[in-house]
Amino acid sequence: MSIQFIIEIIGTIAFASSGAMVAIRKRLDLFGVLVLGATTAVGGGIIRDIILKISPPGAFQNPVYFGMAAATVGVIFLICYLNPEFLDMQFLEGYERLMNILDAIGLGAFTVLGAQKAVSAGYENYRFLAVFLGVVTGVGGGLLRDMMAGITPYILKKHIYACASIVGAVVYMYGRLLIDDSAALISGAVVVVVIRLLATKYRWNLPVAKVPRSK
C-alpha cells in the first residue's frame, strides 16, 4: 500500500468517527449516524473534486472510502448502543478530548491529500490553489457535518482550526520541493495535528471583536 492510501484510510476513519460521535450526541438514528459519519469522511474530497472538475468525484469512483466510513460508523454506533453510559455527562470531558484528537488527525490527513490532488491534477505551479484545495478537503467534511447537525461549524470557532490546515498545506507544498513527496505528506499532516493539539491544550484563539451588551 502506498503512503497516500494509508493516509487516506487514517483520515477516513478519523473523520468518520468524529462525524458518528457528533450524530450520536445529537441522538440521531442509525441512518442519521451513517449519513453524518460518511459525509464528514468524504465530503471535503467531493467538494475538492467538484472544483477540479473531476467527474464523478473520487469517493464515487472507489467505494472503499464509503465502505471504510460505514464500517467505522457501525462499530462506534454499536459500542455506544450497547454501552449508553459512554454518553453520560461524566464522560463529556473524555468525549471532547477524543473528538479533538480525531478531528486533528482527519484534518491533517485530508489537508495534505487535498493539496497533493491539486498537484497531481496539473496545478503544481498554482500553489495558492493547491493550498486552498488542501484546506477545503480538510475542513469541508466537518463543515457539512456541523451544518447538518445544526451547530456552529468548528472552523468558525475552534482553536486555530482552519489556520492549522493552511500551515500544513503550505508545509507540504514547499516541503515537496526539498524532500520526497511522501515525506512532505507526512510532515504537513504532522504539523497540522501538532498545531491543533497545542491550540486545544493552551487555548490558542484568533482575536474576537468584543460586542458590548445591550442595556
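# A guided tour from Val-136 outward

Begin by selecting Val-136, which counts as buried because its relative accessibility is 13%, below the 20% limit for that class. The model on display is a predicted one. Val-136 belongs to helix α6, so the helix can be coloured along residues 127–149 as a first landmark. Next, add Ile-47 to the selection. Although the two positions lie 89 residues apart along the chain, the C-alpha atoms of Val-136 and Ile-47 are 7.3 Å apart.

## The nonpolar core

From Val-136, turn to the interior. In soluble globular proteins, nonpolar side chains tend to be buried together. The largest nonpolar core in this model has 50 residues, and Tyr-172 and Met-173 are the members that touch the most others. Select these two and display the side chains around them. To see where the core is drawn from, colour α1, α2, α4, α5, α6 (127–149), α7 (162–175) and α8 (181–202), each of which gives two or more residues to this core. Helix α5 makes the greatest contribution, with ten residues.

## The largest pocket

Which residues should be selected to find the centre of the largest pocket? The pocket holds about 340 Å³ of space. Its lining comprises 23 residues, of which Glu-8, Arg-48, Gly-58, Ala-59 and Tyr-65 are the closest to the centre. Once these five are shown, extend the view to the helices around them. The lining takes at least two residues from each of α1 (3–25), α2 (30–51), α3 (58–61) and α5 (92–123). Helix α2 supplies the largest share, eight residues. By class, the lining of this pocket contains eight nonpolar, eleven polar and four charged residues.

## The enclosed cavity

Return to helix α6, where Val-136 is found, and look for the enclosed space. The count of cavities of 30 Å³ or more comes to one, and the largest cavity contains about 30 Å³ of space. To display its lining, select Val-139, Gly-142, Leu-143, Arg-145, Asp-146, Pro-153, Tyr-154, Ile-155 and Tyr-161. Six of the lining residues are nonpolar, one is polar and two are charged.

## Two loops

Two backbone features come next. Select Ser-55 and Pro-56, which are joined by a cis peptide bond with omega of about -10°. Pro-56 is located in the loop between α2 and α3.

Then move to Arg-27, in the loop between α1 and α2. Arg-27 is not a glycine, yet its phi is positive, at about 60°. The residue counts as exposed because its relative accessibility is 69%, above the 50% limit for that class.

## A stacked pair within helix α4

How many aromatic pairs does a search of the whole structure find? The search finds six. One of them is formed by Phe-77 and Tyr-81, whose rings are stacked, with 6.0 Å from centre to centre and 15° between the planes. Both residues lie in helix α4 (residues 64–82), and they are four residues apart, about one turn of the helix. Are these two residues buried, partly exposed or exposed? Phe-77 counts as partly exposed because its relative accessibility is 21%, while Tyr-81 counts as exposed, at 62%.

A second stacked pair is formed by Tyr-202 and Trp-204, with 6.1 Å between the ring centres and 20° between the planes.

## The end of α8 and the segment after it

Keep Tyr-202 and Trp-204 selected. Tyr-202 is partly exposed, with a relative accessible area of 48%, and Trp-204 is also partly exposed, at 39%. Both values fall between the limits of 20% and 50%, which is why neither residue is classed as buried or exposed.

Now add Lys-201. Its place is over the face of Tyr-202, at 5.6 Å from the ring centre.

The last residue to select is Arg-203, which is found in the segment after α8. Arg-203 has a positive phi near 60°, in a residue other than glycine. With a relative accessibility of 58%, Arg-203 counts as exposed.

Definitions and conventions. Residues numbered from 1 in each chain as written. Predicted model: local features only at pLDDT ≥ 70, side-chain atom pairs only at ≥ 80, totals over all residues. Heavy atoms only, no water. Phe/Tyr/Trp six-rings, centres within 6.5 Å; stacked < 30°, edge-to-face > 60°. Buried < 20%, exposed > 50% of the residue type's maximum accessible area, 1.4 Å probe, protein only. Lys NZ or Arg CZ within 6 Å of the ring centre and 35° of its normal. 1 Å grid on protein atoms, 1.4 Å probe; cavity = no way out; pocket = protein on both sides within 12 Å on 5 of 7 lines; lining within 4 Å. Points joined across faces, edges and corners; volume = space filled by probe spheres on them. Nonpolar A, V, L, I, M, F, W, Y, C, P; charged D, E, K, R; others polar. Core = buried A, V, L, I, M, F, W, Y, C linked by side-chain atoms within 4.5 Å.
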